[in-house]
Amino acid sequence: MSASRSTGTTDAIGPDEDPEPAPAAIPGSRLLAALLDGMDAALCAFDAQGTITHWNREAERILGWSAAEAVGRRGFAGWAVRSADAGDVQGRLLAVMDAPGRQVHEFALLRKDGGRVLVRTQSSGVRGADGKPAGVYCAFSEVHAQIDLERSIALSEALFEDASWGVVLVDVDLRPTVVNAYAARALGGGRTRLLGRPLGELVVQGVEDLEAALQHVLAEGSPTAPAELWVTLRTAEGDRRRCWRSGFLRLASPLAEEPVPLGVGWLFRDVTTAKLAEQDAARLRFRANQLHRAARQAAECEDPMEAATTSLDFALAGFADHVVVDLLEDLAGGERLVRAAATPSDAPGPCLAVSGGPFPVRYGPGHPALQAVERAGTVRAAAPAGAGQDWAVERQWPGGAVHALCAVLRSRGRTLGVVTFLRTASRSAFERTDATYAESVAVRVASAVDLARLAARAGRGDGL
């Protein structure tokens, strides 16, 4: 009673209640046996005289000898190793008792069915309570399995260090957990700074497609083919548009009974340069084909001005949304630009000649078309951010235009006018390659316009 009161047990439980019995402890021998049998590596142990004292199930799987057959035997001689090798194997294993740390060896052991298997062992001495050598424990596995493991580890380390493509491990919340050096450079940050950050902080545009691909892999598994994703990155130098050829692997835990996704392995290479080259080549082929088709169609037109507008119709495909043609005419006030042909301003349509008298267009000073005429060259222009439709309307262009390219019309050493190609906000700004194409079209249009004027003068009886 005094003992109970000193611990407070009787006061806490009450005089008429019995305390719950403590759970029975697992016997140490059974716990040790369960631990040994649950190991992924084969394990055996020897006492100081070399007699086997422990043998787990993985050792039985590799060599075929059960624990009942192995425990109690003295060394491997005569059953698990050839007689010629027994002395060397026994000596090397027991020598570990007197050596510090672990030692690694490779032995050729015999299976119960007579086959030989090469194993790699890690052995370490065991000391008793008095500090003296008491035995040896030896963990071993088949060499090819060990080599496969080492290769997997080496591959992982290589991928996350010096791989020539990006490797990113993404968790189930779609946040990077491991980033290699290539991926860190591609994403524009340090390897540790990118960890745990949402992908939306790194990718300005295209993050929806990337996250959709990652979620699909988590739900459905790895795709059978790589995908090409266009993204825009936010960098210190500004936004950069890149194309990544990406492969995805769903990662599952090897320790779970059922596949539990750990995340996604995302491997990618930056193929922007190659894709842009492919796009440029495809664009050049298409434009060359359009010029060829336009030339054939224009050759069938009796009216030279119809040939000019036909050439512009072919040029518009995939290039611009609108086109206007302004020609230089001698008016009472001098030589002025007069609107000669245009596409509809409210909807896509063919380029048609403008009906009506020769009224000059009201272009203000510094207008891109006037600049093209003055320079006898091509001029590009773009609306400033937030300008809306006023920018185009002020320049006598269709209201939705935000990008313009004015190419001068010249034939026989004379400037005849200017052709203006216009793009809406859904298209990108005109580039140098676009200017080259516009100039090629302008040459054909200028020739047709010059021919139309020569025909008109011939009809009036005027000299050349």
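Colleague: What does Gly-64 touch, and what makes something a contact?
Modeller: Two residues are in contact when heavy atoms lie within 4.5 Å. Skipping residues up to four places away in sequence, Gly-64 touches Ala-59, Glu-69 and Lys-112. Keep in mind that this is a predicted model: local features need pLDDT of at least 70, side-chain atom pairs count only at pLDDT 80 or more, and totals for chains, interfaces and linings use all residues. Residues are numbered from 1 along each chain as its sequence is written, and side-chain values use heavy atoms, with hydrogens and water left out.

Colleague: Where is Gly-64 found?
Modeller: Look in the loop between helix 4 (57-63) and helix 5 (67-70). Helices (H or I, at least four residues) and strands (E, at least two) are DSSP runs, numbered from the N terminus. As for Ser-124, it is 60 residues from Gly-64 along the chain, and their C-alpha atoms are 24 Å apart.

Colleague: Why does Gly-64 count as partly exposed?
Modeller: Buried means under 20% relative accessible area, exposed means over 50%, and partly exposed is in between (1.4 Å probe, protein chains only). Gly-64 has 29% relative accessibility, so it gets the middle label.

Colleague: What about Asp-434: buried or exposed?
Modeller: Buried, because its relative accessibility is 6%. Asp-434 has its place in helix 14. Apart from neighbours within four places in sequence, its contacts are Arg-287, Phe-319, Leu-405, Arg-423 and Ala-429.

Colleague: What makes the link between Asp-434 and Arg-287 a polar contact?
Modeller: A polar contact needs a pair of N or O atoms within 3.5 Å; within protein, one must be able to donate a hydrogen and the other to accept it, and residues adjacent in sequence count only if both atoms are side-chain atoms. The side chains of Asp-434 and Arg-287 come in at 2.8 Å, so they fit.

Colleague: How do you know that Glu-228 and Arg-245 form a salt bridge?
Modeller: The rule asks for a side-chain nitrogen of Lys or Arg within 4 Å of a carboxyl oxygen of Asp or Glu. For Glu-228 and Arg-245 the N to O distance is 2.6 Å, so the pair passes. Glu-228 sits in strand 9 (residues 227-235) and Arg-245 in strand 10 (residues 238-252), so the bridge ties together parts 17 residues apart in sequence. Glu-228 is partly exposed at 35%, and Arg-245 is partly exposed at 35% too. Both also belong to a salt-bridge network with Lys-275 and Glu-278.

Colleague: How many salt bridges does a search of the whole structure find?
Modeller: The search finds 21. In another of these bridges, Arg-283 meets Asp-280 with the closest N and O atoms 2.7 Å apart. These residues are 3 apart in helix 10 (residues 272-299), which means about one helical turn separates them. Arg-283 is partly exposed at 32%, and Asp-280 is partly exposed at 37%.

Colleague: Which parts of the chain does the Arg-412 and Asp-450 pair link?
Modeller: Their side chains form a salt bridge of 2.8 Å, N to O. This pair links distant parts of the chain: Arg-412 is in the loop between strand 16 (401-411) and strand 17 (414-424), while Asp-450 is in helix 14 (residues 432-460), 38 residues apart. Arg-412 is exposed at 51%, whereas Asp-450 is buried at 5%.

Colleague: How do you know that strand 6 pairs with strand 11?
Modeller: Strands pair if DSSP finds at least two bridges between them. Strand 6 and strand 11 (residues 261-270) share 5 bridges, so they qualify, and they run antiparallel. Val-167 has Leu-267 in strand 11 as its bridge partner. On strand 7 (residues 176-179), also antiparallel to strand 6, there are 3 bridges, and Val-168 stands opposite Val-179. Strands 6 and 7 make a hairpin with 5 residues between them, and Leu-174 in the turn has a positive phi of about 65°.

Colleague: Why is strand 6 called mostly covered?
Modeller: Of its 5 residues (166-170), 4 are buried.

Colleague: What makes strand 2 and strand 3 edge strands?
Modeller: The open sheet has 5 strands in the order 2-1-5-4-3, with antiparallel pairing. Strand 2 (52-55) and strand 3 (102-110) each pair on one side only.
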